[in-house]
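Colleague: Got a minute to go through the empty spaces and the metal site in this one with me?
Modeller: Sure, pull it up and ask away.

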Amino acid sequence: MRHVKYGRCVKCGKTYEAVPDLTTCACGGILDIVYDYDYIKSVFTKETLKNRQNFTMWRYRELLPVEDTTPDPPLRVGWSPLYRADRLAEQLGIARLYVKDDGLNPTASLKDRASAMAVAKAWEAGAKVIACSSTGNAASSLAGNAAAAGFQTYIFVPSRAPKGKVAQLMTFGATVISVQGSYEDTFELSKAAIDRWGWYNRNAAINPYLSEGKKTVALEIMEQLNWEVPDYIAISVGDGCTIAGLWKGLKDLYAIGFIDRLPRLISAQAAGCCPLNRAIAENKPWHPMEENTLADSIAVGVPRNADKALMAIRESNGLVVNVTDEEIMAAQKLLGRTCGVFGEPAGVTGAAGLKKLCEEGKIEKDATVVSVVTGNGLKDVANAIAFCGEPISIPGDMDALLEAFDQRNIHVE
Ligand SMILES: *Cc1c(COP(=O)(O)O)cnc(C)c1O
Ligand SMILES: [Zn+2]
């Protein structure tokens, strides 16, 4: 890979050749992929992009750690819509708001960006089997992307994973191990199994290429905004790989001169599980927390990408905000009603955090903000129904309808 220099440990700085099955540093630190920006600048311009018809995450190949000869994985990942959300902006009291709906990816979450990268790298590594542990979305996403490309998958999920995600896993033909315990237990078992059988590892905290896939969300946001940098980007945080990827994409664009400044990140976590935000707020090392939130995708008590995530939040002079489950569900409803976007609880936690910061007067009134919806609401319908209520249920006749409207004070024009 002419454009990639090496993988560098974020803890000790040691560098490693960027082989396809690169994992962590001998010191235990996570690696960061380092690029030759001078070379990339010489072959990649905004004009190149303008003429490119590939509307998937692979339109940014010059900034992705794959060989020229590696085929694009088959599922159409990326280029999700960036909606201008004027009604919601008005309600929140900010000048401009955009909603990036990454729940519209093929398996309905931002995780597809990492899973497509895993498939590309597994192909380069000559692997037949890919494995991961996940709170749910990384799992269903890996299973789908791998199935499309002809890989076998072994997947470890905590037993609390919602039905929608498990249904995806079973449909995509993964071998699914539902672990009776926390996400921490799930992760450890997957690690032991991967060591034992030598499968290709799609654990984002171990495989440094995965956040490179996730960074394409930042590349897209900036291209969709015609390279006009927003003041803030709000996103939900669990393991921390997503926010780290987001930041990496922004820094890449800055390094090659596509953007002239960097936005501040808003790191949103669930109040019942916020080890990373707590570390920032208290300016202390992070400590494990319990996993007390219905936002299952970010119920991560022991974050696996803490170093990269904390660095991203600090470097961006970011804001941290913790939201209760009620605030998360209120944001789900609000996004649904003002934008027509249905996010899963963890998917809308960034928006919930933004709303809270706006209410606390912490976001300037003239700010431009992007809120990333990271996963689709159809993955977890039980919580949505519980919060938004049941429909009007009546027999199929007009009298019953008129009576029901009457009872509920619904006046039809
Ligand atoms: C995984 C996930 C996140 C958080 O990503 P991390 O890399 O774990 O921080 C947020 N929202 C959804 C829907 C996810 O699936
Ligand atoms: Zn190291």
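**Pockets, cavities and a zinc site**

Modeller: Before we start, keep in mind that this is a predicted model. By class, the second largest pocket is lined by eight nonpolar, four polar and five charged residues.

Colleague: And how much volume does the second largest pocket have? Which helix gives the largest share of its lining?
Modeller: The volume of the second largest pocket comes to about 330 Å³. Of the 17 residues lining the second largest pocket, K11, G28, I30, A205 and R304 are the closest to its centre. Helix 7 and helix 12 are the elements that put in two or more residues. The largest share, three residues, is from helix 7.

Colleague: OK, now the largest pocket: which element gives the most to its lining?
Modeller: That pocket has a volume of about 390 Å³ and 22 lining residues, with R8, D32, I33, K248 and K251 nearest the centre. At least two residues each come from strand 1 (4-9), strand 3 (31-35), helix 8 (210-214), helix 10 and helix 12 (306-315). The one that gives the most, with six residues, is helix 10.

Colleague: How many charged residues are in the lining of the largest pocket?
Modeller: Start with the rest of the lining: 11 residues are nonpolar and one is polar. The charged ones, which include R8, D32, K248 and K251 close to the centre, number 10.

Colleague: Switching to enclosed space, which residues lie closest to the centre of the largest cavity?
Modeller: Searching the whole structure turns up two cavities of 30 Å³ or more, and the largest holds about 350 Å³ of space. Its lining counts 32 residues, and the closest to the centre are K111, K214, D239, T242 and S297.

Colleague: What is the class make-up of that lining, and which elements each supply at least two residues?
Modeller: By class, the lining of the largest cavity splits into 12 nonpolar, 14 polar and six charged residues. As for elements supplying at least two residues each, they are strand 6 (129-133), helix 5 (137-149), helix 7 (183-197) and helix 10 (241-255).

Colleague: What about the second largest cavity: which charged residue is in its lining?
Modeller: This cavity has a volume of about 60 Å³, and helix 3 (86-92), helix 13 (325-339) and helix 14 (349-359) each supply at least two lining residues. The lining has eight nonpolar residues, no polar ones and one charged residue. L88, L92, L97, A331, L334, L335, A351 and A352 are Leu or Ala, which count as nonpolar, so the charged one is K355.

Colleague: On to the metal: what arrangement do the donors of the zinc ion (ligand 2) have?
Modeller: The protein donors are the SG atoms of C9, C12, C25 and C27, lying 2.3 to 2.4 Å from the zinc ion (ligand 2). Along the chain they follow the spacing C-x2-C-x12-C-x1-C. Four donors count as tetrahedral if all angles lie between 85 and 135 degrees. The angles here run from 101 to 119°, so the arrangement is tetrahedral.

Colleague: Take two of those donors: is C9 buried or exposed, and what does C12 count as?
Modeller: The cut-off for buried is under 20% relative accessible area. C9 has 4% relative accessibility, so C9 is buried. C12 has 47%, so C12 counts as partly exposed.

Technical notes:
Residues are numbered from 1 along each chain as its sequence is written. Chains are lettered from A and ligands numbered from 1 in the order in which they are written. This is a predicted model: local features need pLDDT of at least 70, side-chain atom pairs count only at pLDDT 80 or more; totals for chains, interfaces and linings use all residues. Side-chain values use heavy atoms; hydrogens and water are left out. On a 1 Å grid over the protein atoms alone, a cavity is a set of points where a 1.4 Å probe fits but cannot get out, and a pocket is an open set with protein on both sides within 12 Å along at least five of seven lines; lining residues have an atom within 4 Å of a point. Grid points are joined across faces, edges and corners, and a volume is the space filled by probe spheres set on the points. Helices (H or I, at least four residues) and strands (E, at least two) are DSSP runs, numbered from the N terminus. Donors are N, O and S atoms within 2.8 Å of the metal (3.2 Å for Na, K and Ca); water is not among the atoms, so sites may look incomplete. Four donors count as tetrahedral if all angles lie between 85 and 135 degrees; four count as square planar and six as octahedral if opposite donors are over 155 degrees apart and all others between 65 and 115; anything else is irregular. Buried means under 20% relative accessible area, exposed over 50%, partly exposed in between (1.4 Å probe, protein chains only).
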